[in-house]
Every structure is written in structure tokens, then in C-alpha cells.
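Colleague: Please give me a close look at one part of this model, its largest pocket, and then go on to the strands and single residues that help to place it in the fold. I would like one connected account rather than a list.

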Amino acid sequence: MLCLTCKNLSFEIICIDCQDNLLIPSFHKREIEDGFFNYSFYTLSELEDLISSKYYFHGDRVFNLLAKLSFAKFAQNFTFSSQVFAIPIDDHTRHDFSHTAILAKHLKSQFITPKYNCLKATNIVKYAGKDLEFRQKNPRGFKVTNISNQMTILCDDLITTGATIKQAKKALEKKNNQVLFSLTLCST
């Protein structure tokens, strides 16, 4: 097959050279609310074509690779005094896989346990390309099930305005969960 980034022959969806030279994560910190932060590993300009793979059949391989290079490395270095649950934001499978579930899966470690199907949007609205005003007028309406009174980390692929993450955080907090921070692959 051809590498998605350089188009050279490769046994992987993204060749080792591109992984080593182009997909080196850097850590970006962004305050979403007073004292609540999102951490991301790339900027959108670095991953724009790869992030859109979530709409295609090969997207699961792309997200597994990106998560291995970023989320898994984060998990190896993360320590905490109690167990923390990684919660994928709306881990639906509308495209044969859930990109947010893949990200959460790669956070599995001694201190982090992924927990699936507990934060679902009741309003399936697409935020891609929409401004903050649209996002605020069309909330996702997250429903939380099977988790309460826990320490959590939110997982998503992209943060633009932070509206989705804020809504997800509030929904989890209504069930007495504490959200430590959110992790995204990239930030705009």
C-alpha cells in the first residue's frame, strides 16, 4: 500500500519515516474554563487530512496509529493517586468504528481504565465548520450512563471552541464525576 502522507510504498498506512519525522507529538495546553484544561498533541494544520479519515473505511488504522504515537505515550507517563477512567466523547460507531473509543483504548495503563458507552449525545448535530454561536444554539445533549462518583479524563479527536468538551464535562459532573482534564489529538 502507499503511505497516506508521502505516497511511498509502505507496510503500514503511514510509513515509519513519516511516523518518525512528521508525526512527532508536541504538547499543547489550553484553558477551556477557569482552571480546566485541554491537552492536545498536534495542531489541526499538522493532521487535517488524517483527522478526516474518521469518515472512511481506513480511519480506524489511522486513529490507532496516531493514538499509539500520542495517547499511549501519555498514558505511560501518567500517574495518579487513584484509578481514573478515560471517557470517549460520544463513542458512536456511525462509520464502522469509533474514533474516540480508539483514542481512549490507548490510554489503558496502571492508572487509567477506558470506559465505553457511557457518554452519548442525544442530539446528533455536526459541528464541523460551525461557529461557536451555532454550537451553543445546538447543544449535544449528552446522556451519562454507567458511571458516577469517579475520576475521569475526557477523550476526543479535536478541540475548536471547546463547546463539546464543556457540555460533556457538565454532563459527567451532574453524576458526581470529577473531570480532571480533556485530551484531544489536535487543537485548532
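Modeller: What follows begins with the pocket, passes to the strands, and ends with a few single residues.

The model is a predicted one, and every value below is computed from it. The largest pocket holds about 770 Å³ of space. Its lining is made up of 34 residues, and those closest to the centre of the pocket are Lys 54, Tyr 55, Tyr 127, Ala 128 and Arg 140. The elements that contribute two or more residues to this lining are helix H2 (44-51), helix H5 (99-105), strand S7 (151-159) and helix H7 (163-174). Among the contributions to the lining of the largest pocket, that of S7 has the largest share, with 4 residues. In chemical character the lining residues of this pocket divide into 13 nonpolar, 12 polar and 9 charged.

Strand S7 offers a route from the pocket lining to another strand, since S3 and S7 pair in the parallel sense over 5 bridges, and within that pairing Ile 87 stands opposite Leu 154 in S7. Strand S3, residues 84-88, is also joined to strand S4 (residues 112-114), with which it runs parallel, by 3 bridges; here Phe 85 is the residue that stands opposite Thr 113 in S4. What does the burial of its residues say about S3? Because 5 of its 5 residues are buried, S3 is largely enclosed by the rest of the structure. Burial applies to both faces of the strand: Val 84, Ala 86 and Pro 88 point one way from S3, Phe 85 and Ile 87 point the other way, and all of these residues are buried.

From S3 one can return to a second element of the pocket lining, helix H5, in which Thr 100 is found. With a relative accessibility of 1%, well below the cut-off of under 20%, Thr 100 counts as buried. Leaving out residues up to four places away in sequence, Thr 100 touches Pro 88, Ile 89, Asp 90 and Asp 91, and also Cys 155, Asp 156 and Asp 157. Of these partners, Pro 88 belongs to S3, while Cys 155, Asp 156 and Asp 157 fall within the range of S7. The side chain of Thr 100 also makes a polar contact, of 3.3 Å, with the side chain of Ser 98.

A further strand to consider is S2 (residues 36-43), where 6 of the 8 residues are buried, so this strand is largely enclosed by the rest of the structure. S2 has two pairings to describe. Strand S1 (residues 28-33) runs antiparallel to S2 and is joined to it by 5 bridges, with Arg 30 standing opposite Asn 38 in S2. The hairpin formed by S1 and S2 has 2 residues between the strands, and Gly 35 in this hairpin takes a positive phi near 80°. The other pairing is with strand S8 (residues 178-187), which S2 meets in the parallel sense over 5 bridges, and in which Thr 184 stands opposite Ser 40.

Ser 40, which lies in S2, is worth following in its own right. At 1% relative accessibility Ser 40 counts as buried. Apart from its neighbours within four places in sequence, Ser 40 is in contact with Ser 26, Phe 27 and His 28, and with Thr 184, Leu 185, Cys 186 and Ser 187. As a longer reference distance, Ser 40 and Lys 108 are 68 residues apart in sequence, and their C-alpha atoms are 17 Å apart in space.

Two other residues complete the account. Lys 137, found in helix H6 (residues 132-137), counts as exposed, at 61% relative accessibility against a cut-off of over 50%. The side chain of Lys 137 is joined to that of Glu 133 by a polar contact of 2.8 Å, whereas the C-alpha atoms of Lys 137 and Glu 173, 36 residues apart along the chain, are separated by 21 Å. Ser 10, by contrast, is placed in the segment before helix H1 (16-21) and is buried, with a relative accessible area of 13%. Its side chain reaches the backbone oxygen of Glu 12 at 2.7 Å, and, not counting residues up to four places away in sequence, Ser 10 touches Met 1, Cys 3 and Cys 15.

How values were computed:
Residues numbered from 1 in each chain as written. Predicted model: local features only at pLDDT ≥ 70, side-chain atom pairs only at ≥ 80, totals over all residues. Heavy atoms only, no water. 1 Å grid on protein atoms, 1.4 Å probe; cavity = no way out; pocket = protein on both sides within 12 Å on 5 of 7 lines; lining within 4 Å. Points joined across faces, edges and corners; volume = space filled by probe spheres on them. Nonpolar A, V, L, I, M, F, W, Y, C, P; charged D, E, K, R; others polar. Buried < 20%, exposed > 50% of the residue type's maximum accessible area, 1.4 Å probe, protein only. Pairing = 2+ DSSP bridges. Polar contact = N/O pair within 3.5 Å; in protein donor to acceptor, adjacent residues only side chain to side chain. Contact = heavy atoms within 4.5 Å.
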